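Get your viewer ready and keep the selection box handy. We'll hop from spot to spot, and at each stop you'll get something to pick and a note on what is there.

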Amino acid sequence: MSIWWSLHLRRDAASVPLARRLLLGTMETAGVDPDISYDLSVALSEACANAVEHGGDTTRGGSSEAYRVTAYLDGEKCRIEVADAGPGFPAGTAGPSRPPARPVPPDAEHGRGLCLIQELADHVHIGNKPGRGGAVVSFDKILKWREDAPLVAV
């Protein structure tokens, strides 16, 4: 079983719950375990919130009004990618499973999103889009299925 979808969303706070609900609905319909679905939906919300807040194209004097979310449920794994057209991560701070180094107190209300994504996903890649600029956050997680899952992988 394989399902994928891609959204082109406005950089607006209202787009974050839209992406989250679509992911949750897809996974519920497929029969993914609710705990796994919840973890991935929180990680997706954090990645989308980062794209909304930081994903504008300020380096070239313009303003990108959109970002892209792509989700793949393929076999036993879900992979999610959030890409924006902002300035990207500073050189030397992005890479596989390595968020930009910036210590954040545990009670901070901002700046914990990438660390939270790393805690909720099995594999995380944080980097910059080659060429045109922008950040890409992708993460995946091994899926667990409900016993009554209608679309379970075989």
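Start by selecting strands E5 (123–128) and E6 (135–142). This is a predicted model, and in it these two strands form a hairpin with six residues between them. Click on glycine 131 in the turn: its phi is positive, about 85°. Now look at how the strands run: E5 and E6 pair in the antiparallel sense, over six bridges. To see one facing couple, pick glycine 127, which stands opposite valine 136 in E6.

**Zoom out**

Show the whole chain as a cartoon. You should find three helices and six strands, and following them along the sequence gives β-α-α-β-β-β-α-β-β. The protein has 154 residues, and 43% of them count as buried. How far apart in sequence are the residues that touch? Among contacts between residues at least 6 apart, 67% join residues at least 24 apart.

**The core**

Next, select Leu40, Leu44, Tyr67, Ile80, Val82 and Phe139. In the largest nonpolar core, which has 38 residues, these touch the most other members. At least two core residues come from each of E1 (2–10), H1 (15–30), H2 (34–54), E2 (66–74), E3, H3 (113–120), E5 and E6. Which element gives the largest share of this core? That's H2, with nine residues.

Stay on isoleucine 80 and show what surrounds it. Leaving aside neighbours within four places in sequence, isoleucine 80 is in contact with Leu23, Leu40 and Leu44, with Thr70 and Ala71, and with Val137, Ser138 and Phe139.

**Helix H1**

Select residues 15–30, helix H1. End to end, from first C-alpha to last, its 16 residues reach 23 Å, close to the 22 Å expected at 1.5 Å a residue. Color Ser15, Val16, Ala19, Leu23, Thr26, Met27 and Ala30: these are buried. Now turn the view to look down the helix axis. The buried residues fall within an arc of 115°, so they line one face of H1. On the other side, pick Arg21, Glu28 and Thr29, which are exposed. What covers the buried residues of H1? The cover includes E1, H2, E2 and E3.

Two residues here deserve a click. Serine 15, in H1, is buried, with a relative accessible area of 6%. Setting aside residues within four places in sequence, serine 15 is in contact with Leu9, Arg10, Val52 and Tyr67. Then go to glycine 31, which follows H1 and has a positive phi near 100°.

**Helix H2**

Move on to residues 34–54, helix H2. Measure from end to end in your viewer: the end C-alpha atoms are 30 Å apart, which agrees with the 30 Å that 21 residues should span at 1.5 Å a residue. The buried residues to highlight are Ile36, Ser37, Leu40, Ser41, Val42, Ala43, Leu44, Ser45, Ala47, Cys48, Ala51 and Val52. Show H1, E2, E3, H3 and E6 as well, since the buried residues of H2 pack against them.

Serine 37 sits in H2. Is serine 37 buried or exposed? It counts as buried, at 5% relative accessibility. Not counting residues up to four places away in sequence, serine 37 touches Leu24, Met27 and Val32.

**The cysteines**

Select cysteine 48 and cysteine 78. Cysteine 48 is buried, with a relative accessible area of 0%, and cysteine 78 is buried too, with a relative accessible area of 0%. A disulfide is a covalent bond between the sulfur atoms of two cysteines. How many disulfides does the structure hold? It holds zero.

**Last stop: glycine 86**

Finish in the loop between strand E3 (77–83) and strand E4 (95–96), where you'll find glycine 86. Glycine 86 is buried, with a relative accessible area of 4%. Add histidine 54 to the selection: the two residues are 32 apart along the chain, yet 6.4 Å separates their C-alpha atoms.

Definitions and conventions. Residues numbered from 1 in each chain as written. Predicted model: local features only at pLDDT ≥ 70, side-chain atom pairs only at ≥ 80, totals over all residues. Heavy atoms only, no water. Helix = DSSP H or I, 4+ residues; strand = E, 2+ residues; numbered from the N terminus. Buried < 20%, exposed > 50% of the residue type's maximum accessible area, 1.4 Å probe, protein only. Core = buried A, V, L, I, M, F, W, Y, C linked by side-chain atoms within 4.5 Å. Contact = heavy atoms within 4.5 Å. Expected span 1.5 Å × (residues − 1). Arc of directions from axis to C-beta. Disulfide = S-S within 2.5 Å. Pairing = 2+ DSSP bridges.
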